[in-house]
Amino acid sequence: MFTKKKIIYFLLFLLIVASADIWIFSSIKDSYTKIINDNILETGKIIFSSVSDKTEDIDSWISNVENNYENIRIIYIKGLPQFEETTEFYKDKEFYEFYKSKLSDPIFEKGLESAVYSEYFLTDNMYSLDNSQYKIVFAPILTSEYDIVGIGIMFFNMEGYLKFYRLLNIFAVSIIVAFVLVYGIILFSRDPVMNFIILGLFVIVGIFTAYPLFEAVRLTFIKNGEFSMEIWKKILTTDQYLKAFWGSIKLGISTATLSTLIGFLFAFTLTRTSIKGKKFFSTIATLPVISPPFSLTLSILLLFGNNGLITKKILHLQNFSIYGLTGLTLVQTMGMFPIAYLTMAGILHAIDSTLEDAALDLNASKLKTFLTVTLPLSVPGILSAWLLVFTNSLADFANPLILSGNYRVLSVEAYLEVTGMNRLGNGAALSLLLLMPTITAFLVQRFWVSKKSFVTVTGKPSPRITELVSKPVKVTLVTLMVLIVVFLISLYGTIVAGCFVKNWGIDYTFTLENIKEALQRGKDAITDTVTLATIATPLAGILAMLTALILVRKNFKGKRIFEILIMAPFAIPGTLIGISYILAFNKPPLILVGTGAIIVINYIIRELPVGVEGGVAALRQIDPSIEEAAQDLGADVPTVFKTIVLPLLRPAFISSLSYTFVRSMTAVSAVIFLISAKWYHITVLIYNFSENLRFGLASVLATTLIIIVLIAFGLMRLIVRQSETLEKTVSGER
């Protein structure tokens, strides 16, 4: 692809673009510089025309000027240097000593001489003082009769203007870099469309993942504006933080393991058996993920807390405590097993049952077929589910904040450092520490899966699924599911009951006032939340499938880094994401703080790993020859993706859409930092009601949120219908 002719064309066009780029931005800089210089000189004239004629008033005049103009420092020389005796007046000794050290400088000599002859003089150069860049004005001090009685020296801080120069430089360099990448891909690439997609995804994760993380990391190495390792030394040597770190690991492992087991129970039973009521069980299994993350915690406390309805009112238990690791594991497992279920359901559904039929035809028992065929083929989904729950558990702070008791976890420590102590650096460092176990688990999972093949869909999927469980086993599986469903219903029944109770735990009088007041006060928050989540959902779903396709089917430089950046936001506590976004996008070149766009971007980036993991796991089961056949017939990459890949990935795609929408609707940790007067969020309002002990209002909004999401689930399944070619029925006959 690299020919001499193409290289010459490339260099020629690069020279033209670079020359035009330099000329345009140089012209902009020159024009801007002239405007700035005129403004500085005009400011100097106004300031020095106000100087007092009385010597005793000069000090107070300088103080007033410097107080009113924070970017200006003044030195006043009464008398004319080299012509008569002079007296200097100043407030900042550093600036005066700098002036004295520069008296022999030709520029300063010219400036003083110009002022003596009634001319204003502005230095072209900038001088470094007080960690800032300054331009200097030499001005004549004139009486009302235009007699010269002294010289004024004004130091004008240029840092605010230099930001614009830096922004111009960024744009100038970006244009050249963009030209090199775009024209280089067009000219030298064999598959420019795919390379543009890869480039676009790299830009997205670079801007919205790497850049904010860089700002967060940089903050942990800065103290009082200087480089320092003090924050990390404190984090890594304090018993409190180390105890919280290992507490997070234990909680993550226990939650991920139990959630994966329960998720597999639901996924296998609902996709690989012929039980009745699948839609009911599936709906109930997704309930925990469509509610605010602290709703289940509140339900647990109301039912099993120290003054809980069950523990105290019914069972009269005295020494029972739900706080700590046991309670957290219970709440997180109930809240996060839907992640595992949604991830594994698509994988189990996509497994081609002809392999299981072959094993059964060879007289293998149903148990042996499950253990040697079905379970191994489910491994990508199981590992993906475990990893996602593990990272979600580490990043969770809402549940531990309420239910941890004396048990320490790192996410809560980080949250308290930021919100309670206002130590942003400590909070960022603690949050970044959570990346270590997450990335380790991610790399181990990737390494293990890459060594094995899980392809089962080869272009002719089986229209049915053979049932591998006997009737007693099926009864056992259904019984376990029913017990879990009953427990979940009791938890959510508590929330619904709270809508009609005047004051839960104190006054159980029936009332409808909660509904009226909550909907009235939460109307704007509900509208904002639904609007932003609706915008983010399709973007995140399509982006996740494209990313999965690239990760599974393409090899390119930086692929491992790209994978880590995709997964990183899911592992980082939302507090750090919120802080990182504020640090990164509250200044040029991207000022997004306060807009709805930054909330949508946060939704997409934070929930992207779920869709990507589901898509990757599903794609590993699809033979690449299907896509290759379409390409051989002349289909380009977008056509292959739209007509081949996306239909085969429909289960994973639906899961991605569903998960992104519900997580966007129920987000708390990062969003609480990104909301503004214009864009609010329903979960933040629910949290505020809960914090103020207005459980009735919180219950109404939580119930409303669940209803909205359930309606959205139904609409998504109508819009994105299951492909008839992939539709399977479960058969118990052999």
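1. Let me start inside helix α8, which covers residues 239–272 and contains T255. This is a predicted model, so please read everything below in that light. T255 has a relative accessible area of 0%, which puts it among the buried residues. Leaving aside residues up to four places away in sequence, its contacts are T329, Q332, T333, M336, V389 and S393. If you want a sense of scale, compare T255 with I46: they sit 209 residues apart in sequence, and their C-alpha atoms are 68 Å apart in space.

2. Stepping back to the whole chain, I get 29 helices and 14 strands. The C-alpha trace spans about 115 × 80 × 50 Å along its principal axes. Of the 734 residues, 52% count as buried. On contacts, take those with a separation of 6 or more: 75% of them join residues 24 or more positions apart.

3. Now a helix pair worth opening in the viewer. Helix α10 (residues 295–304) and helix α12 (residues 325–350) have axes that come within 9 Å and cross at roughly 135°. With that angle, α10 and α12 are oblique to each other. The crossing of α10 past α12 is right-handed. On the α10 side the contact uses L296, T297 and I300, while α12 brings L330, V331, M334 and G335. By class, that contact holds five nonpolar residues, two polar ones and no charged ones.

4. Compare that with a second pair. Helix α20 (residues 513–553) packs on helix α25 (residues 637–648) at an angle of about 85°, the axes being 12 Å apart. The two helices are therefore roughly perpendicular to each other. I542, M545, L546 and L549 of α20 make the contact with F641, V645 and L646 of α25. What classes of residue does the contact of α20 with α25 have? Seven nonpolar, no polar and no charged.

5. On to salt bridges: a search of the whole structure turns up 11. Two of them can be taken side by side. E413 pairs with R408, with the closest N and O atoms 2.6 Å apart, and E417 pairs with R423, with the closest N and O atoms 2.7 Å apart. Are the two glutamates buried or exposed? E413 is buried at a relative accessible area of 6%, and E417 is buried too, at 4%. The arginines are another matter: R408 is partly exposed at 34%, and R423 is partly exposed at 32%. In each pair, then, a buried glutamate meets a partly exposed arginine, as the accessibilities of E413, R408, E417 and R423 show.

6. There is also a salt-bridge network, which links E517, R521 and R694. Helix α20 runs over residues 513–553, so both E517 and R521 fall within the numbering of that helix.

7. The salt bridge between E159 and R166 has an N to O distance of 3.4 Å between the side chains. Here E159 is partly exposed, at 22% relative accessibility. Since the cut-off for buried is under 20%, E159 falls on the partly exposed side of it. R166 is partly exposed as well, with a relative accessible area of 43%.

8. E159 turns up again when you look at S132. That serine belongs to strand β5, which covers residues 132–142. S132 is buried, with a relative accessible area of 11%. Not counting residues up to four places away in sequence, S132 touches Y127, N157 and E159. So one glutamate contacts S132 and also bridges to R166.

9. One backbone point to finish. Which sign does phi of S118 have? Positive: the angle is near 65°, in a residue other than glycine. S118 lies in the loop between α4 (106–116) and β3 (121–122). Its relative accessibility is 39%, so S118 counts as partly exposed.

Terms used
Residues are numbered from 1 along each chain as its sequence is written. This is a predicted model: local features need pLDDT of at least 70, side-chain atom pairs count only at pLDDT 80 or more; totals for chains, interfaces and linings use all residues. Side-chain values use heavy atoms; hydrogens and water are left out. A salt bridge is a side-chain nitrogen of Lys or Arg within 4 Å of a carboxyl oxygen of Asp or Glu. Buried means under 20% relative accessible area, exposed over 50%, partly exposed in between (1.4 Å probe, protein chains only). Axes are lines fitted to C-alpha atoms, for helices over the stretch in contact, and angles run from 0 to 180 degrees between N-to-C directions. Helices (H or I, at least four residues) and strands (E, at least two) are DSSP runs, numbered from the N terminus. Angles under 35 degrees count as roughly parallel, over 145 as roughly antiparallel, 65 to 115 as roughly perpendicular and the rest as oblique. A crossing is left-handed if the near helix is turned anticlockwise from the far one by less than a right angle, and right-handed if clockwise. Contact means heavy atoms within 4.5 Å. Ala, Val, Leu, Ile, Met, Phe, Trp, Tyr, Cys and Pro count as nonpolar, Asp, Glu, Lys and Arg as charged, and the others, Gly among them, as polar.
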